[in-house]
Amino acid sequence: MAHHRQSLNLQQQQQQQLLLLAFVFVLGFLTSSCHALYEDQVGVWDWHQQYIGRVKHAVFQTQGSGRKRVVVATEQNALASLNLRTGEIYWRHVLGESDPIDVLELASGKYVMTLSGGTNVRAWHLPDGVLIWEAAIPSSKGSNPPRLVALPVDIDNDKINDLLVLSGSVLTALSGQDGTTIWKVDISGKDVDIRDVIVATEELKAYGVGFIGDSGFTIIEIDLHAGTITDRKTAMTSETLSVTELLVSKQFAVVLDSKGTHLVTLSINANGLTVLETALSSLSLNAVGLPKLLPTKLDGAISLALGDLTAIVAVDPTSGELRTVETLVGAVAVSDSLSLANSKHSVAIIQLLEGGHSQNTFSLHVHGEDWTEVVQKETVKLPSHRGHVQKVFLNAYLRTDRTHGFRALVIGEDDSLLLLQQGEIVWTREDELASIVDAKSAELPLERDGVSVAEVEHDLAEWLKGHFLKLKATLFLASADEIAAVQESRLNQADKTKLTRDHNGFRKLLLVLTKSGKLLALHTGDGRIVWSLLIPGFRAPHGGPQVCPEKLLLWHVPHQHAEERPEVLVLGKSCSTSDFPAVLSWVDAYKGIELHTMKLSYPVTHAFGLPLTDSSEQRLHLFVDDQAQAHLLPGSEESLDLFLKQKDNAYFYEVDRTKGIIEGYGIKGLVESSRQTSSEGYLFETEKLWSVVFPEETESIATVATRRPDEVVHTQAKVLGNREVLFKYLNKNMIFVATVTPKSVGLLGAASPEDSTVVAYLIDTVTGRILHRVTHPSMQGPVHAVLSENWVVYHYFNLRNHRYEMSVLETYDQSRVGDKGVMQLMLGRHNASAPLSSYSSSNVEVKGQSYFFTYTVKTLTVTTTARGITSKQLLLGTVTDQVLALDKRLLDPRRSATPTPSEREEGILPLTDAIPISPQGYLTNGYQVEGLRGILTIPARLESTCLVFAYGLDLFYTRTAPSRTYDSLTEDFSYALLLITIVALLIAIAVTYVLAERKELAEKWK
Amino acid sequence: MKTWLVLLFFVLGFSFRNVASLNSDELPQDDEEWGFVGRETSSRLGGGGIGGEKTGQGSSSSSSSIRNVGESRRIGSTMASSSTTSPSSLGVPGDKKIQFDLEHCFGDSEFTPAGSFSARLRTLPHGRQTLFKLRLTRNPFSELEEKAFKEIVQQNGFYKVRVPANVIDPGKAYVVAAVKARCLAAANLKERFDLNLDQGNVVGITYSSAVECTQNPHPQVFPSDWTFSSWIVTKSSEQAMRLIPMLDDTPLMSGEKLVTGEDGVATKVVEKNFWQKYWMYILPFGLIVINAITSITNMPDEPASGQAGAAPAGAVPQRISGAGGARRR
């Protein structure tokens, strides 16, 4: 009997143990915190977009049975193969910054040949973009654009057609097989300047066409097999020629004379050379300003730009006589001639339709062999934010009825790439996003009453179902389909892409300004374009001076009146000259409409927002012109009153990198006359108060780092392990400047370690006081730096140890050293609320330490959070185009080899000579942000989280939580599991209660 | 009282710094040669001079000596400009006397000479140059200047000074600094120059009144005494500590071993013992074993009670409870 009871108890014990185990198991699932990313989390809150940049060369590969594709080379030095049907990237290579692609050719149907800088010839395999060979041609004198001709013949008998490269004055024949030099010939002579090479296949001859001095043509005949010059012919002209542009075709060459009144034609035929000079006026072309030959390659014709006019002039190959065939007005793009199978040629002309301005409608004409014949005529309407067509590439295809149809690849004014076919836009690539100049973030509008969350998140049943599926997936019970459904729902969370503010502040608009003068708003949820605007105020008239967008300023950020719309101000400057008056444009950040634009009467050297806002929350801005005068905007009475109150405390500084000077200015009186022209801003006289002059021979400014103006610092004091307090020296006006030895600015090895130094400065910009100056001997730039709170971190190269180094400087206020304890911090004389003045004699203690670091850094920034409580992470753009997050604790100058127990308690790590890099520290995970240039950090409303947007050629967005998400549950937290557990526990309690009652009763009955 | 003490220490601290930065390795006869005996003490005390200012005496006499010196220096300056080197009279060969002007301006006016700095330049064996023993001879304000100064005090403007950026071979570049005229007036023209020097170059100057002036707006007062008392602090660059690669040569502790990672770097790893490695397997296994043992120890009892050895354990309690239930009923 006793034994039975025993075994019963044992069973109960077992069951309890099992229950306990299950509970622990469940708890484990609930609390599992993720330190890295799991496979199924990719794309949940991050996105990655790939771009190529503004296309400058394009070649089509549409013959044969393979996939139809177009190979393009861009101004951002990218080479890519795009799917002609969808515009997707098949493969892409980004060449270095100093490796621009000058010529792009297809050879033998399966190779892509590129010529970079006249010295590097590369052959790429067309289907997969593998580099087959690379050949370096020794660079030779001459600044003419290099030429590459893919020969239709094989001259070294290896059954692969070869190449000719004209670089400077040297003509080189390269083997198509492996890029080895077959022969090389210097074709220069006295005064001879060869510009182009044409090939006569049947005769196996190449002809170099160029100038003799500035009043004659020369033609050199080269034997293709031997590589020897077989003949030289010259023809003199009576006019002096404009030698900047020479158009060469098989039978003629055309050039303008130096006065720009005549076209000089050279006809090349069997009898020799004939020169014919034709006055532009006789072609009924009235020159407005200097005419310009366009480098478009037309068959039997040339194109000219005369101010607003574009003229196409046909050339008679035998006599050299000219005839105007077409004059076009306004924004016109002419394609190169396209040769068709039956030795016919076609040219596409794309032109803005008359009266099509408001609609942005274009006509696309494809002219046949004879210029009078139009083989295809279409009208295309482009979205207004694409602007005018800048360039067109023509491609032909066979229609179902065996006639030729044409499609055109066009580049918009905004640098986007579009494929047009049958009057429709087949696809668009937003390649303007590859050249972001400045980026800012803006809040989304508040949730409207009409749209409630429940509507978007379906009903409760569906919500539960979703969570049940998730639970199943968590417990490995789900089928493959169900797992896919879970993943799908994760990636397409409806609330991720809503256009309203969310509670955590993850949904925002990223406002990006591109080089082409386009402002776009991207949604942080999925990276889609919410609106885009080609800023009308920046659009130059056809051939007019170009305005380059420079800076994005937050003009109006409503906090109190959240229903109002935020406004941004875009500052534009002339692309070429610095004394060109600046252009301002105000844009509504919700709708993407230009509110108004203004052409200032003064150039702007720099612009910044003041920490003052008027009653309508418009931020006051100061624009400094080239005379170092300050202009206050907005030009309202209220802003003037506000500013006059603070005038005596307003200072600004200017950095002159060429002279190596930093100058500080104070604001003096208002120029009364500017009250009349207040729309351009109130003008204030300024006074130079201080200057810091870096010794010219030994130091040149490498980098200047400033604090983010909107940075939030949580506490001024740092409580140490031994309960003492260190006061951070938090000077808002402190900047970091690093200088390097001018000799060592260039490449590595330009200077010896002995005379290469990096000097770091901390400067107060109100008084010009140098707070700290530290030299790092044997170091070399480039220096990258980031300044935040009371610390600065900078990165440079150590020439002695041949490694990169990172240094940290932290500033502490020693004048408050008396208030040691925490109590005194709160109640003492110099408590935390005492103001800090740049004029008070500061006693700053600077602690510094250096560490080795493995990588080259492209850009350096720091995370920001809403209230500055969360610890910070440094974000580094590495040379591999990834974003690496480093804990700031690794760069703490108080690290020592053997930290005391109290220091350990504080979280100080033991000192190491190098900063360790953890593979989990890469925020970009497996992606690369090709051509990484900048990282923007945006605080979310949730204190623990910081939003990170990295841009270069590609875009990448993610969130990071430097101290983990301590203030919210993770996304994959299973509410259903929690609910089920609670319910199960409640039931278990109830059941056990009843059972216990019963048992107790039974016991009592015994 | 305590705060005053702290302040005094603070000021003393500054004066010590001052002395330290002035390279106090000078020979006493140098001072005679430079005619700076009185000045020397006053300028040195200038650091402590704030303290002196508090006692209210001594400062006026010392500043008057500055003025005297200033006048005598101006005569000397013409001599010095004709020949700046006089190595014979100096202790260390290669030392060079140099002097450069301090210029000032009131608000928008042009810069005019306000005094001159004299210093010694030493060329070190490896070609580096250092400036030391910096002295300032201040010209007293002329009547016009006094008027101009009063004007900018009234306007709450800036009083600006400048020195050439390259003091050995002055070029066009000047280093400018400014102070609120009211601060300087309130401090009775007790000024302080912090010069950041780099070899023969002045990188930056901080010009301030020797008495802290943080009130805003500053009250308008005129100096009671129109003589300058200057306090000069020179700062040169700090040299960063050279980072030496740390070689991890501490001996291996017991239980540690070297493991070469993927990157080829050997790292110390504390080897886990058997229990640390496999506890997660041992523990459940142990539980199962214990369970099994207890059930086995229970089993031999069963045949002893006359039951079939293979009788299911579950049947027993059933029967018992059934019997019990019947009995209860």
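**Close-up views of a predicted model**

**View 1. A loop residue, A:Leu969, and the nonpolar surface patch of chain A.** A:Leu969 lies in the loop that runs between strand 64 (955–960) and helix 8 of chain A, shown here, as in every view, in a predicted model. Together with A:Leu460, A:Trp463, A:Leu464, A:Phe468, A:Tyr975, A:Leu979 and A:Ile980, A:Leu969 makes a nonpolar surface patch of about 770 Å².

**View 2. The helices of chain A that contribute to the nonpolar patch.** At least two residues of the patch are supplied by each of helix 3 (460–474) and helix 8 (975–1005) of chain A. Helix 3 of chain A gives the largest share, which amounts to four residues.

**View 3. Cysteines A:Cys946 and B:Cys105.** Over all chains, the structure contains zero disulfides. For B:Cys105, the closest cysteine sulfur belongs to B:Cys183 and is 17 Å away, too far for a bond, because a disulfide requires the two sulfur atoms to be within 2.5 Å. B:Cys105 is also buried, with a relative accessible area of 2%, and in chain A the residue A:Cys946 is buried as well, its relative accessible area being 0%.

**View 4. The fold and surface of chain B.** Chain B is built with nine helices and 11 strands, and buried residues account for 37% of its 329 residues. Among the contacts in chain B with a separation of 6 or more, 61% are between residues that are 24 or more positions apart. The area that chain B exposes is about 19,100 Å², of which carbon and sulfur atoms supply 59%.

How values were computed. Residues are numbered from 1 along each chain as its sequence is written. Chains are lettered from A and ligands numbered from 1 in the order in which they are written. This is a predicted model: local features need pLDDT of at least 70, side-chain atom pairs count only at pLDDT 80 or more; totals for chains, interfaces and linings use all residues. Side-chain values use heavy atoms; hydrogens and water are left out. Buried means under 20% relative accessible area, exposed over 50%, partly exposed in between (1.4 Å probe, protein chains only). Patches are made of residues with over 30% relative accessible area and no salt bridge: like charges are joined within 9 Å, nonpolar side chains (Val, Leu, Ile, Met, Phe, Trp, Tyr) within 5 Å. Accessible areas come from the Shrake-Rupley method with a 1.4 Å probe; for residues, only the protein chains shown count as cover. A salt bridge is a side-chain nitrogen of Lys or Arg within 4 Å of a carboxyl oxygen of Asp or Glu. Contact means heavy atoms within 4.5 Å.
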